[in-house]
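Work through two short exercises on strands and helices. Keep the structure in view as you go.

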Amino acid sequence: MYHGRAVSLTRPRSSHQVLHHLCPQPLTRLSPAWRIAARAMATSGETSTVKKRAVAGSFIFKIPNGDDRQAKVALFRRSSEVRTYQHKLAPCSGSVEKEDANPLATALREIKEETTLPASSLELLRVGKPYSFVDESIGREWNINPFAFRLKDVSEGGKGEEGITLDWEHEGIEWFDPMQVSGSDEFGGVPRLVDSLRRVWPEYDLGSAAGRALTEGLQNLRDDHEHGARELAGSAVATLREVVNQLALSHPIDKSWWSNVRMAAWHLCQSRPSMGAAITSALIKALGAIKSVYHANTTAEEKVKQIADVLDQQVAQRSCMTDRVCESFTKHLRQTMTRDGEQKKTVSVLTLSCSSTISSSLMRATSAIGVALDLRILESRPLYEGVTLASKILSDTSQSPRTNVAIYSDASASLAARGVDVVLLGADRISEDGDVSNKIGSLPAVLAARYVNPNVAVLVLSDTEKIAGPGSMEEHSHEENNAAEMTQAWKGVVKGADEVEDALSLGDSRLAVKNAYFEWVPADLIDAYATEEGLWSTGQIQQKSKLVGDEFEQFFADL
């Protein structure tokens with residue numbers, strides 16, 4: 001192993017520009033981020049002298065004790081056997097192949113090939129804004145998709161630095177303070193090395209205070225597995241407010257400042273893919289408010305104050321969304337409970353996880369309608385959020401004594417669904433076609449309920465901000481979470497659990513423990529969507545999705 005020496009920092013201050021970028025998915029069916037990339041590629045002409053190449057560039061970081069101020073980034077010394085940039089320092093890079101599902105899949109594949117590190121030894125930290133540049137000296141147009149990963153040490157079940165074995169493409173690896181990486185010839189990096197690094201380490205442009213605020217906000221969003229998408233979206237807006245506040249102390253409010261604010265928002269949008277729709281919608285709304293103040297003819301001090309006020313107001317208004325969703329649900333439930341002119345005395349509901357919107361709506365609606373509640377909740381492994389939901393219902397002193405709660409194992413969904421009137425789902429994302437991403441176990445619950453009770457109603461409670469930009473459910477990325485959340489439930493209880501955990505810690509390639517939090521329920525299995533704006537149809541969802549996609553491009557396409 002080689003370790004980098006301290007190198008004086010050269011901070012490029014040119015504006016962020018994206019010429020073109022690529023996603024290997026159909027142009028008409030992409031999430032907002034990849035629509036920008038694909039459209040840029042579609043409109044760029046190819047000449048006989050310049051060859052285009054889309055690559056994923058991965059920066060691997062060591063972050064001792066979780067302190068980003070101690071972070072070190074790995075740069076790989078390219079060998080004499082590669083075709084371009086021999087002996088230059090570079091991230092772990094490779095071409096996006098048509099077999100790769102997306103650039104992130106490319107990144108993980110290349111890291112495995114070039115270092116032997118499996119995905120289980122890495123934590124995705126940041127998804128950088130893609131960009132392009134032309135290197136006329138070799139006749140290439142590079143379309144760069146930057147990523148940042150944290151290297152897990154052995155205590156976390158990763159292989160650590162000792163697990164890195166380089167292939168023929170590299171002759172060494174060196175570790176640097178990311179703030180000491182330079183674009184100078186003396187440093188010896190590949191072209192635009194710093195431009196790639198700064199897109200996954202925005203402290204370059206934000207400065208230490210604003211960079212720290214963003215880093216802490218991103219970490220909080222990644223680590224929060226308790227709250228739903230609505231709450232995380234509010235946290236993202238609060239983080240952006242703090243970044244803006246810190247930026248104002250060190251940067252003039254000019255075009256560079258506006259680019260930095262949007263880049264910070266970009267990183268927040270990418271922080272939790274499965275919650276990304278709500279976070280993105282909330283941040284787009286925030287950027288719209290900031291843009292109005294940015295262009296106002298007033299002093300910098302007054303602009304900072306106005307931005308803080310409008311963002312505080314946006315966060316405060318978010319609490320009203322739940323009340324309005326509850327009203328829509330109550331209206332729909334009242335209609336459902338009235339048959340042949342008579343109202344049923346008890347409503348039977350099957351649900352799972354622990355959505356604050358669902359718990360509030362259930363308690364308010366049954367109280368307003370005056371019916372008894374037969375509530376059946378799936379336990380919702382691995383974090384057992386269903387148990388938490390049950391505790392909320394039972395501890396509410398205002399709840400009618402006619403409320404009965406039963407907790408079922410996830411595997412007994414078909415038993416739980418017998419005779420229910422409604423399967424009630426929350427939503428973390430809604431695709432343009434009305435497909436709903438929700439807690440894992442949602443699809444089996446719906447399918448089981450449809451089978452044992454064909455007349456059951458499947459109802460989704462959601463804010464409209466959870467509607468994602470254009471893209472089918474297959475094109476949205478999903479989260480793989482820490483396998484330890486599953487294995488810790490087996491300890492001391494399940495025979496053979498110790499052997500499985502030992503195999504995981506040793507990186508046994510024959511074994512994988514999958515801990516996905518979310519899955520998709522297709523729109524054709526859903527009867528209605530209760531939102532803060534009333535009951536919505538799939539047509540209204542499609543209109544909203546297009547608007548989200550257009551606004552996403554407006555704020556991020558030119559970064």
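**Exercise 1. A small sheet**

In strand 18, find the bridge partner of Lys 439, then work outwards to the sheet.

*Solution.*

Step 1. The partner of Lys 439 is Phe 518, in strand 18. This model is predicted.

Step 2. Look for another facing pair. Asn 438 stands opposite Glu 519 of strand 18.

Step 3. Name the pairing. Strand 16, residues 436-439, runs antiparallel to strand 18, and four bridges link the two.

Step 4. Place the strands in their sheet. The sheet is open, has three strands, and follows the order 15-16-18 with antiparallel pairing. Strand 15 (429-430) and strand 18 (518-521) are at the edges; each has a single partner strand, so one side of each lacks a neighbour in the sheet.

Step 5. Check the faces of strand 18. Apply the cut-off: buried means under 20% relative accessible area. Phe 518 and Trp 520 are buried on one side. Glu 519 and Val 521 are buried on the other, so both faces are covered.

**Exercise 2. Two packed helices**

Describe how helix 6 packs against helix 8, and sort the residues of the contact.

*Solution.*

Step 1. Locate the helices. Helix 6 spans residues 229-248, and helix 8 spans residues 276-294.

Step 2. Give the geometry. The angle is about 35 degrees, and the axes lie 8 Å apart. The crossing is right-handed.

Step 3. Pick out residues of the contact. Helix 6 brings, among them, Leu 232, Ala 236 and Leu 240. Helix 8 brings residues including Ile 279, Leu 283 and Ile 290.

Step 4. Sort them. The contact has 14 nonpolar residues, no polar and no charged.

Conventions. Residues numbered from 1 in each chain as written. Predicted model: local features only at pLDDT ≥ 70, side-chain atom pairs only at ≥ 80, totals over all residues. Heavy atoms only, no water. Pairing = 2+ DSSP bridges. Buried < 20%, exposed > 50% of the residue type's maximum accessible area, 1.4 Å probe, protein only. Axes fitted to C-alpha atoms, helices over the stretch in contact; angles between N-to-C directions. Left-handed = near helix turned anticlockwise from the far one by under 90°. Contact = heavy atoms within 4.5 Å. Nonpolar A, V, L, I, M, F, W, Y, C, P; charged D, E, K, R; others polar.
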